[in-house]
Structures are given as C-alpha cells and as structure tokens.
Amino acid sequence: MRIKTVVIGYALALALLLFAQHRPDATQPGSFTGVVDLTHPLSSHQGVAGKLAASPVRSAAIVQKMELRRTSTAASSNTNIDAPAHLVRGMWTVDQIPPERLIAPLSVLDVTAQVRRNPDYEVSVEDIAQWEQIHGEIPPGSVVVARTGWGTRWDSPKDYRNIDKKGVMHFPGYSEDAAKFLVEARLALALGIDTLSVDPGSSRTLAVHQYTLAHSVYHLENVANLERVPDAGAVVVVAPMKLEGQVDGPVRILALTRR
Ligand SMILES: [Zn+2]
C-alpha cells in the first residue's frame, strides 16, 4: 500500500515535470511566426521633428532642462528612445537601461478613431479599461504603445508636426493619468507612441515625460508600422545602440508576432 502510494506520487511528479517542460514559453523565439519592424528609416526624415522642446507654449524651465540634457542630435528626428536620464540626472542613460527591460510583452492601445476626431487627443485610463475588457489585464512589465494613426503623416513633416498659426504643435499623446496608471498599476517598463512625443504636442509642461522618466520608465517615439501588429500577444525587442552616457538616441524596434 505504501509502495503503491509512493509510485503514484512519483508518477504524478514526473507528469507535472514533463507538462511544465512542454508548456509553450511565450518568450521562446521558436513560438513566433512573424517579425514586424516598428522603425522608420534613419535617413529619410532628418530634421522632421526638430527640437521638440522648442514650442511657444512650453514652459521655459522644461525647455532649458531638455536642451541641457539632450546629447543626441539624431534623436527625435526618427524612431527614438528617451532614457530615464533624459530629464533626471543620475537615472539610467541609454547604455544603462537593463537588457531585461528591452524585451517585453507588447501591448498596443488603439486610439485611431478618437484621434481622427481630435488631433490633441490624450490616451486615457478609459482606453486602457477598454483594452483590458477584450484582452484581460495588461501584462506586468509590458512595453505599452499607443497606436494613434499619426504614422500615416510621417511622409509629410508639415502634417506630422501639425503646427498652428501661433507655432504650437498639435498631435496626440498620453494623459498624465493614463501614464501614472500604466506605471503604478500595470508596472509598464516603457511607453511608446507613433508621434513625436509621449506628451501631446500642445503640452506645456511635458508632464508625462517628467513623471515616467522619474520612475525609470523609458520612451519610444515615432514608432512605425503599428497597423501591422496585434493589440495583444506580441513580444517587442527594443535595441538602441549602447551609447555611453547618452540620454536619448535612435532605436531599432522589432515586434515578434504569432499567427
Ligand atoms: Zn521624448
């Protein structure tokens, strides 16, 4: 009787072990069937973005802070990464972002319809709730990217920057509330967007930049080809050059997808 119990116990343990070993691992490259390049070519639009900080509505303090710390002339002109040190001295520079933060589940918030009605649209907590109604909770440690539809303007610098008569840019970004929710309640590693900035174009204080960077969350801006990735289920590989001491810079972003 005792031996029988032991044998059954052993068989059960073996079965559990085998099951665990054969469970498909979401991060294994073999389980992906496609790769989508989320990067604009570096040379096609040099100077499209120009100086993001230079806007008549931007407060002088934040402009000075950004310009002082900016180290890369190429950043903001193409698909770029902002390291936490972008605004906050002593935080990670591009080369210091831990590599385990550069490969993560990709969660895409689609706000294309909202942006069509309002170019100043800010991604909201409600948009996140709607995503979660369909896909479940945003996986902790995600790279969250907003698909605003703005990428279709990339070939026209004028439309992409969308500057009004007063010199103020108009394009969508994240609301401060949504950014805080993603960082605090969903432990997002990064925020991304297919516009010039995670803050909306008309932002005065760059509140999303200030909050997220201070919480070690990096940004991906001018993200490309978001219409080609699913809202949930992909894994993103973020590969900036390991530029020592840089606070921002060009980045290659690849999404691994499943059919
Ligand atoms: Zn930025």
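**Exercise 1. In this predicted model, state how the donor residues of the zinc ion are spaced in sequence, then classify the site.**

Solution.
- Step 1: The spacing reads D-x126-H-x11-E.
- Step 2: Put atoms to the letters. The protein donors are Asp 82 (OD), His 209 (NE2) and Glu 221, which is listed with OE twice. They lie 1.9 to 2.5 Å from the zinc ion.
- Step 3: Check the angles. Among the 4 donor atoms they run from 54 to 148 degrees. A tetrahedral call needs all angles between 85 and 135 degrees. The site is therefore irregular.
- Step 4: Place the pair His 209 and Glu 221. His 209 sits in helix H7 (residues 207–214), and Glu 221 in strand E8 (residues 218–221). They are 12 residues apart and link distant parts of the chain.

**Exercise 2. Decide where helix H7 stands: enclosed or open?**

Solution.
- Step 1: List its buried residues: Ala 207, Val 208, His 209, Tyr 211, Thr 212 and Leu 213.
- Step 2: That is 6 of the 8 residues of H7, so the helix is largely enclosed by the rest of the structure.
- Step 3: Add the zinc donors. His 209 is buried, and Glu 221 is too.
- Step 4: Look just past the helix. Ser 216 takes a positive phi of about 65 degrees.

**Exercise 3. Which elements build the largest nonpolar core?**

Solution.
- Step 1: The core holds 28 residues. Among those touching the most other members are Leu 109, Ile 138 and Tyr 174.
- Step 2: Two or more residues each come from helix H4, strand E5, helix H6, strand E7 and H7.
- Step 3: H6 gives the largest share, 4 residues.
- Step 4: Keep the second core apart. This separate set of 25 residues includes Ile 97, Leu 106, Tyr 218 and Ala 234.

Definitions and conventions: Residues are numbered from 1 along each chain as its sequence is written. This is a predicted model: local features need pLDDT of at least 70, side-chain atom pairs count only at pLDDT 80 or more; totals for chains, interfaces and linings use all residues. Side-chain values use heavy atoms; hydrogens and water are left out. Donors are N, O and S atoms within 2.8 Å of the metal (3.2 Å for Na, K and Ca); water is not among the atoms, so sites may look incomplete. Four donors count as tetrahedral if all angles lie between 85 and 135 degrees; four count as square planar and six as octahedral if opposite donors are over 155 degrees apart and all others between 65 and 115; anything else is irregular. Buried means under 20% relative accessible area, exposed over 50%, partly exposed in between (1.4 Å probe, protein chains only). A nonpolar core is a set of buried Ala, Val, Leu, Ile, Met, Phe, Trp, Tyr and Cys residues joined through side-chain atoms within 4.5 Å.
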